[in-house]
Amino acid sequence: MWHGGRHDGPPDRTPRLTAPTLLDDLVARGERRTVSDGDTLCSEGEISTDAFVVVAGALDAEVGGHGGSICVATHRAGSIVGEITTMIGGRRTATLRANGATEVIVVTADDLRAAFDAHHDEAAAALTAARERTDRSRVAALLSDELRAPDSAAIAAIANRVTWASIDAGETLFRRGDVADAAYLVVSGRLAITERVSSTEQHQATHPPTRQAGSDRRTIGGHADHIEVGRGGIVGEFGLLEARERSATVIALRDTSLARLSADDFRALTISHTSLAMGLIRRILDRAGDENSESTTARTFALAITADVDDTTHDTIVDTMATTLVQCGPSTVLSPSIIDEQLGQRGIADTAPNSFGEIRLAELIHQTETGVDHVMFDAGPQRDGARYDHWTARTLHHADQLVIIVSPDPDDDESRRITALIDDTPTRIPVWLAVLHDASTTRPEGATLLRERFRADEVHHLRGTEPQHLARLARLSAGRGVGLVLSGGGARGHAHIGVYRALTEQGIPVDRVVGASMGSIVAAAIAQGHGPDQVLTDMREGASDLLDYTLPLVSLIKGERIVDVLERQFDGWDIADLWIPFACPSTNLTTAEVMVHTTGPVTAAIRASVAIPGVLPPVVYDGQLLADGGVLENLPVALLGDDPSVGTVIASDVAPTLGPSAPDDYGFHVSGWSVAKSRFLPTWVPTWLGGHGVEPQPAYPGVTGTLLRSMLIGSSRSRDAHLASGVIDLYLDLDLTDLNILDFDAVDEAAERGYTTSIDRIADWVDQRGGAPCFG
């Protein structure tokens, strides 16, 4: 029979096992090993192949931190260490170092599983204790990074004082107005911060109000009006410094595990560890600088396939998406077959609730999620007779998002399966439908009907199992999508085509694309799935004779020719049916807000976005007038900046920072007739009368240039705010002031200038990132 001994050192918080049978079994199965004082038994990050039972002496568990190694626990005689990662497979979460001469029993993975299977109750207690130890190690590392505190002892102390809390999807952690008495660190899962005090007003000080076209719901930046906080994020930290009311409500988007630190414990710790207070103050100041920023955290998603596909197609879809995720960072796929293999038990992925198998499965999922950046839960083909009921339910509660690959026209049976999946998904978890079209499809249809039919948040299109399409879906689902923003700027907007060519050559994909004014036309052509050469051809064919001037009672240009060009290019296309997600803004002159067009005819949306006030007639929308999107958002970064599916934002801006100047003073009044006369019938004074031949005339600003510049001034504040916020990862400001903004015939010249101006900057940016691992 076993009995644990004592050892001086940091407090041992490892729960003790009262029954000896599990320990006896492990000791009998393992091999003895002696470790000298200070020697390393195993290192953090190594593949775990063995677990350990401490027989005599002690093992210090250390994790790497901002200020060096952090000792998070000391395991003494009678402790089992390393059992979770050994049982489920994975990497060590801490380094184990001998504290004095130490003797251990080394137990292989097979022997560990056999002993655990023979002692279910004790094994369940051991796994619970092991999870707490592992989570403390992760909390220490996360706190070290978050607070940037150099005092390793302080981080260890705070990690040893946290308590644990778990909340289910939809539950409230705390409400606005509650007394702030603790802070919470997300160990796994995802929270939503909502009902924030003054956040909307603060945002709108530099960003105009936004409304989705066809919706009365106001949003921030065109997206959901909450901030998401995932693994490693901290909420409620203001309450550690002073007693105050909560300024927001926090709810769980999905099942979430939290580490809780009370205000009393934090204040006690800061007496001896002042670096903790300084680190927390630094973090609060960072947050105050950008209240609406989301934590940079990992994302998970569940993938279900209701479309009628065979196993080969299913495997192709999963493998292609998994390969893309690996290029984005540490990632893994969890499927029934993978789990059965990792845990060494057939059918354990679909194990029933409240069983020992479920405990092992829960630990595998938890450790996997906390150890990598991206997890794709493969729910498997959702066919009658082949559905993993328990497994599917688990995936829905562990995912930040549900992606269902569906048929273009689901029959009644498939519709029931789609509805069942959506109904079982926690309320606030986004649901996407990805329509699996035939490989020969050139123009998808039906997205709006599918979204309305199943109340989905978004609908995406896949051309068969084309790798490019599956890779885009994977990046967006994991929050690693690449968003391209194209500004307005008249004919200079054709330079965006050259930027698109440069991005393509550097292997950078476009997963979402938005544009304002002229940028909306190029963006929509890209969203049709066309490459740079085809986009250039399309723009070239529609460039001639665009300007049909008319009697300027409503506008300078009639607009009929522009509409004809748009209808030829986007004949019958709906925004929701473009291959690449697209949006464009227009300015609602009636309500003074930005309208974001994400549905409806492409032609109508672009026509509104290019309606330069005074140059083109405004567009009538539901009794209101819409004008050029550049009035308020000429560089519409806000359409992507708050989108959790976008991890990289690239902006191409052809609007000059400085506007026209005045080389001559022409006085306080100007006669158009006099200007016309001076241009067509210039004044001539002969030299023998003291003249200079043709007399020079003042340089007058053109009406179109003045209107355009006046329009852009209103949105320049928004652009500057986006640049200051850091939401733009690559900003390409193209100096094209020598190109006439109305010279729409100069498509090739503008496109070439866009390419030559941007290619080196893009290549340098990619090199600075160490290549483009998520773009492959």
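**View 1. A salt bridge between R29 and D25 in helix 1 of a predicted model.** R29 forms a salt bridge with D25 (a side-chain nitrogen of Lys or Arg within 4 Å of a carboxyl oxygen of Asp or Glu), and the closest N and O atoms are 2.8 Å apart. Both belong to helix 1 (residues 21-29), where R29 and D25 are four residues apart and so separated by about one helical turn. Helices (H or I, at least four residues) and strands (E, at least two) are DSSP runs, numbered from the N terminus. D25 counts as buried at 17% relative accessibility, whereas R29 counts as partly exposed at 33%. Buried means under 20% relative accessible area, exposed over 50%, and partly exposed in between, with a 1.4 Å probe and protein chains only. Residues are numbered from 1 along each chain as its sequence is written. The model is predicted, so local features need pLDDT of at least 70 and side-chain atom pairs count only at pLDDT 80 or more, while totals for chains, interfaces and linings use all residues; side-chain values use heavy atoms, with hydrogens and water left out.

**View 2. Salt bridges between parts far apart in sequence.** The side chains of D373 and R231 meet in a salt bridge of 3.8 Å, N to O. D373 lies in the loop between helix 11 (356-371) and strand 21 (374-381), and R231 in the loop between strand 15 (227-229) and strand 16 (234-235), so the pair ties together parts that are 142 residues apart in sequence. D373 is partly exposed, with a relative accessible area of 28%, and R231 is buried, at 18%. D653 and R719 also meet through their side chains, at 4.0 Å, N to O. Here D653 is in strand 31 (residues 646-653) and R719 in helix 24 (residues 703-725), so this pair ties together parts that are 66 residues apart in sequence. D653 is buried, with a relative accessible area of 1%, and R719 is buried, at 12%. Elsewhere, R190, E228, R254, R299, E369 and D400 are joined into one network by salt bridges that share partners. The count of salt bridges comes to 30.

**View 3. An open sheet of four strands.** The strands are paired in the antiparallel sense, in the order 2-7-4-5; two strands pair if DSSP finds at least two bridges between them. Strand 2 (40-42) and strand 5 (68-76) stand at the edges with a single partner strand each, so one side of each has no neighbour in the sheet. Strand 4 (residues 58-65) and strand 7 (residues 95-98) are joined over four bridges. L59 stands opposite A98 in strand 7.

**View 4. The hairpin of strand 27 and strand 28.** Strand 27 (residues 582-588) pairs with strand 28 in the antiparallel sense over five bridges, and T587 has V594 as its bridge partner in strand 28. Five of the five residues of strand 28 (residues 593-597) are buried, so this strand is largely enclosed by the rest of the structure. Four residues lie between the strands of the hairpin. A592 is found in the loop between strand 27 and strand 28 and is exposed, with a relative accessible area of 52%. Phi of A592 is near 60°, a positive value in a residue other than glycine. Most residues other than glycine have a negative phi.

**View 5. A tilted pair of aromatic rings, F174 and Y184.** A search of the whole structure finds two aromatic pairs. Rings of Phe, Tyr and Trp (its six-membered ring) pair if their centres lie within 6.5 Å; planes under 30 degrees apart count as stacked, over 60 as edge-to-face and the rest as tilted. The rings of F174 and Y184 have centres 6.2 Å apart and planes at 35°, so the pair is tilted. F174 is in strand 10 (residues 172-174) and Y184 in strand 11 (residues 182-188), ten residues apart. F174 counts as buried at 9% relative accessibility, and Y184 counts as buried at 9%.

**View 6. Two helices with mostly buried residues.** In helix 20 (residues 602-609), seven of the eight residues are buried, so the helix is largely enclosed by the rest of the structure. Among them are V602, I606 and R607. Helix 5 (residues 152-161) is mostly covered, with eight of its ten residues buried, including S152, I155 and N160.
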